[in-house]
Amino acid sequence: MEWSLVFFLNSLLLGVGLAMDAFSVSLANGLNQPDMGTNQVCGIAGVFAAFQAAMPLAGWVCVHTVLLYFRVFEKFIPWIALILLLYIGGEMLLEGLKNGNKETMTGCLSFSALMLQGVATSIDALSVGFTIADYGFLQALVCALLIALVTFFLCVAGLFLGKRFGTRLSNRANILGGVILIAIGIEIFVTGVF
């Protein structure tokens with residue numbers, strides 16, 4: 001592919017499509033923790049953006065080096081995303097149900113939970129390596145960076161939306177956030193398998 005407006009537009013649209021899961025998870029995170037500061041918002045969005053950039057590049061490398069091995073792994077992607085998001089969402093849901101009518105919100109999002117969310121929402125982006133296989137390395141890198149940029153801003157928007165509504169939902173935020181994560185996991189699984 002040549003450097004053109006179409007290349008940049010395709011990369012940005014690819015970023016929007018890939019970032020929807022991360023946006024939804026960010027919304028759930030904002031619902032769960034409406035008191036998070038701007039630094040934490042940027043940190044969470046940055047993690048999602050980094051994963052969304054790394055996965056297509058990893059897919060591109062796989063296409064150019066170990067294509068046969070990657071094809072075997074590809075069928076497990078929806079299963080991995082489903083398991084990770086069911087686990088995280090289930091924990092949030094159980095925490096929300098356990099707290100019942102308590103007005104307190106749970107603590108901040110742990111680093112390990114954030115890493116699991118990052119992997120779960122971006123693992124399907126490995127397949128994008130196939131769609132950008134005809135790009136040179138520099139074009140693949142620019143595409144991945146544009147995907148990361150779009151993801152970052154959409155996640156920031158999701159976190160702020162979640163924060164805004166999280167203060168209104170109070171004790172139901174964990175339940176809603178858990179249900180959202182479980183629904184995202186099921187959606188990734190269904191579209192990936194069927």
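Rings of Phe, Tyr and Trp pair if their centres lie within 6.5 Å, the six-membered ring being used for Trp. The exercises below concern a predicted model.

**Exercise 1.** State how many aromatic pairs the structure holds, and classify the pair of W79 and F189.

Solution. The structure holds seven aromatic pairs. One of them joins W79 and F189, with 4.6 Å from centre to centre and 75 degrees between the planes. Planes over 60 degrees apart count as edge-to-face, so the pair of W79 and F189 is edge-to-face. Next, place the two residues: W79 lies in helix α4 (residues 77–99) and F189 in helix α8 (residues 173–193). The residues are 110 apart, and the pair links distant parts of the chain.

**Exercise 2.** Determine how α1 and α2 are oriented to each other, and describe their contact.

Solution. Two packed helices are described by the angle between their axes and the distance between the axes. For helix α1 (residues 5–32) and helix α2 (residues 38–65), the angle is about 160 degrees and the axes are 11 Å apart. Angles over 145 degrees count as roughly antiparallel, and α1 and α2 are therefore roughly antiparallel to each other. Their crossing is right-handed. On the α1 side, L18, A19, A22, V25, S26 and N29 take part, meeting I44, F48, Q52 and P56 of α2. By class, this contact has seven nonpolar, three polar and no charged residues.

**Exercise 3.** Repeat the analysis for α2 and α5.

Solution. Helix α5 (residues 111–122) packs with α2 at about 40 degrees, the axes being 9 Å apart. That angle makes α2 oblique to α5. The crossing is right-handed. From α2 come I44, V47, F48, F51, Q52 and M55, which meet L114, M115, Q117, G118, V119, T121 and S122 in α5. Sorted by class, the contact has eight nonpolar, five polar and no charged residues.

**Exercise 4.** Find which element has the lowest mean pLDDT and which the highest.

Solution. The chain averages a pLDDT of 82, and 86% of the residues score at least 70. Among the elements, helix α3 (residues 67–74) has the lowest mean, 66, and α2 the highest, 91. Where pLDDT is low, the predicted coordinates should not be read in detail.

Technical notes
Residues are numbered from 1 along each chain as its sequence is written. This is a predicted model: local features need pLDDT of at least 70, side-chain atom pairs count only at pLDDT 80 or more; totals for chains, interfaces and linings use all residues. Side-chain values use heavy atoms; hydrogens and water are left out. Axes are lines fitted to C-alpha atoms, for helices over the stretch in contact, and angles run from 0 to 180 degrees between N-to-C directions. Helices (H or I, at least four residues) and strands (E, at least two) are DSSP runs, numbered from the N terminus. Angles under 35 degrees count as roughly parallel, over 145 as roughly antiparallel, 65 to 115 as roughly perpendicular and the rest as oblique. A crossing is left-handed if the near helix is turned anticlockwise from the far one by less than a right angle, and right-handed if clockwise. Contact means heavy atoms within 4.5 Å. Ala, Val, Leu, Ile, Met, Phe, Trp, Tyr, Cys and Pro count as nonpolar, Asp, Glu, Lys and Arg as charged, and the others, Gly among them, as polar. pLDDT is the predictor's confidence in each residue, from 0 to 100. Rings of Phe, Tyr and Trp (its six-membered ring) pair if their centres lie within 6.5 Å; planes under 30 degrees apart count as stacked, over 60 as edge-to-face and the rest as tilted.
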